[in-house]
Amino acid sequence: MGYQGRLEQLHGIDDSIIPVLCLNTPPDPGAPADWSAAITTFLGWDLYRTDAEGRPVLRMKDFTGPALHMMRSSRTRLCLIDGIDRLPTEDLQPPFDFFDYLADELSLTIFWSGIGSSDILREARTARIPATPHR
């Protein structure tokens, strides 16, 4: 990745810094996207613990807190999300809200990509914040 490579040229390689996060939307259009779990998994956190009988048990239902902490600790500044075209139209707003929240909390830059991503993003943003009529 060019951005991360440039940072490493300027500041050297530091394994504790993960400036770029790369995520994919679920391959199945009907699958729910748990973005906080996807982020913590990308950053190397184990989502499961073992119960008394040795079975894997999900650590928690919402990984937003750990995701924020890990991204802040690893100084993540850029998030690339591919496959926005795989999200059903009715499922677009929650991921946009979630990543807007992360962007505000972490000064994070978000890039959405996928077939028709510009149009999808523009339509979703317009529906959320309608343009003010010109007078």
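**Exercise 1. Where does Ser107 lie, and in which loop?**

*Solution.* We're working with a predicted model here. Start with the neighbouring elements: Ser107 sits in the loop that joins α4 to β5. Next, look at the backbone. Ser107 has a positive phi of about 55°, although it is not a glycine. Last, check the surface: the relative accessible area of Ser107 is 58%, and exposed means over 50%, so Ser107 is exposed.

**Exercise 2. Work out how Arg75 compares with the cut-offs for burial, and find its place in the chain.**

*Solution.* Arg75 belongs to the loop between α3 and β4. Its phi is positive, about 55°, and again the residue is not a glycine. Now for the surface. Buried means under 20% and exposed over 50%. Arg75 has a relative accessibility of 44%, so it counts as partly exposed. While you're looking at what comes after helices, try α2 as well: it is followed by Gly44, with a positive phi near 95°.

**Exercise 3. List the elements of the protein in order, then describe the protein as a whole.**

*Solution.* Begin with the tally: five helices and five strands. Walking from the N terminus, you meet them as α-β-α-β-β-α-β-α-β-α. Then consider burial: of the 135 residues, 30% are buried. The accessible surface is about 8700 Å², and carbon and sulfur atoms account for 54% of it. Finally, take the contacts with a separation of 6 or more: 69% of them are between residues 24 or more positions apart.

**Exercise 4. Decide how α3 and α4 are oriented, and name the residues that make the contact.**

*Solution.* First get the geometry. The axes of α3 (residues 64-73) and α4 (residues 93-106) come within 11 Å and cross at roughly 40°. Roughly parallel would need an angle under 35 degrees, and roughly perpendicular covers 65 to 115. The two helices are therefore oblique to each other. The crossing of α3 past α4 is right-handed. On the α3 side, the contact uses Thr64, Leu68, Met71 and Arg72, while α4 brings Phe98, Tyr101, Leu102, Glu105 and Leu106. Sorted by type, that gives six nonpolar, one polar and two charged residues.

A helix rule helps when you look at such a face: an α-helix has 3.6 residues a turn, so residues three or four places apart point the same way.

To finish, ask what α3 buries: Thr64, Pro66, Ala67, Leu68, Met70 and Met71. Their cover includes β1 (20-24), α2 and α4.

**Exercise 5. Do the same for α2 and α4.**

*Solution.* The axes of α2 (residues 35-42) and α4 are 11 Å apart, and the helices pack at an angle of about 50°. That makes this pair oblique too. Trp35, Ser36 and Ile39 of α2 meet Pro95, Phe98, Phe99 and Leu102 of α4. By type, the contact has six nonpolar residues, one polar and no charged. The buried residues of α2 are Trp35, Ser36, Ala37, Ile39 and Thr40. Among the elements covering them are β1, α3, β4 (78-82) and α4.

**Exercise 6. Find the partners of Ile110.**

*Solution.* Place the residue first: Ile110 is part of strand β5 (residues 109-113). Leaving out residues up to four places away in sequence, Ile110 touches Cys79, Ile81, Phe99 and Ala103. Now compare sequence with space: Ile110 and Leu80 are 30 residues apart along the chain, yet their C-alpha atoms are 6.1 Å apart.

Terms used: Residues are numbered from 1 along each chain as its sequence is written. This is a predicted model: local features need pLDDT of at least 70, side-chain atom pairs count only at pLDDT 80 or more; totals for chains, interfaces and linings use all residues. Side-chain values use heavy atoms; hydrogens and water are left out. Axes are lines fitted to C-alpha atoms, for helices over the stretch in contact, and angles run from 0 to 180 degrees between N-to-C directions. Helices (H or I, at least four residues) and strands (E, at least two) are DSSP runs, numbered from the N terminus. Angles under 35 degrees count as roughly parallel, over 145 as roughly antiparallel, 65 to 115 as roughly perpendicular and the rest as oblique. A crossing is left-handed if the near helix is turned anticlockwise from the far one by less than a right angle, and right-handed if clockwise. Contact means heavy atoms within 4.5 Å. Ala, Val, Leu, Ile, Met, Phe, Trp, Tyr, Cys and Pro count as nonpolar, Asp, Glu, Lys and Arg as charged, and the others, Gly among them, as polar. Buried means under 20% relative accessible area, exposed over 50%, partly exposed in between (1.4 Å probe, protein chains only). Accessible areas come from the Shrake-Rupley method with a 1.4 Å probe; for residues, only the protein chains shown count as cover.
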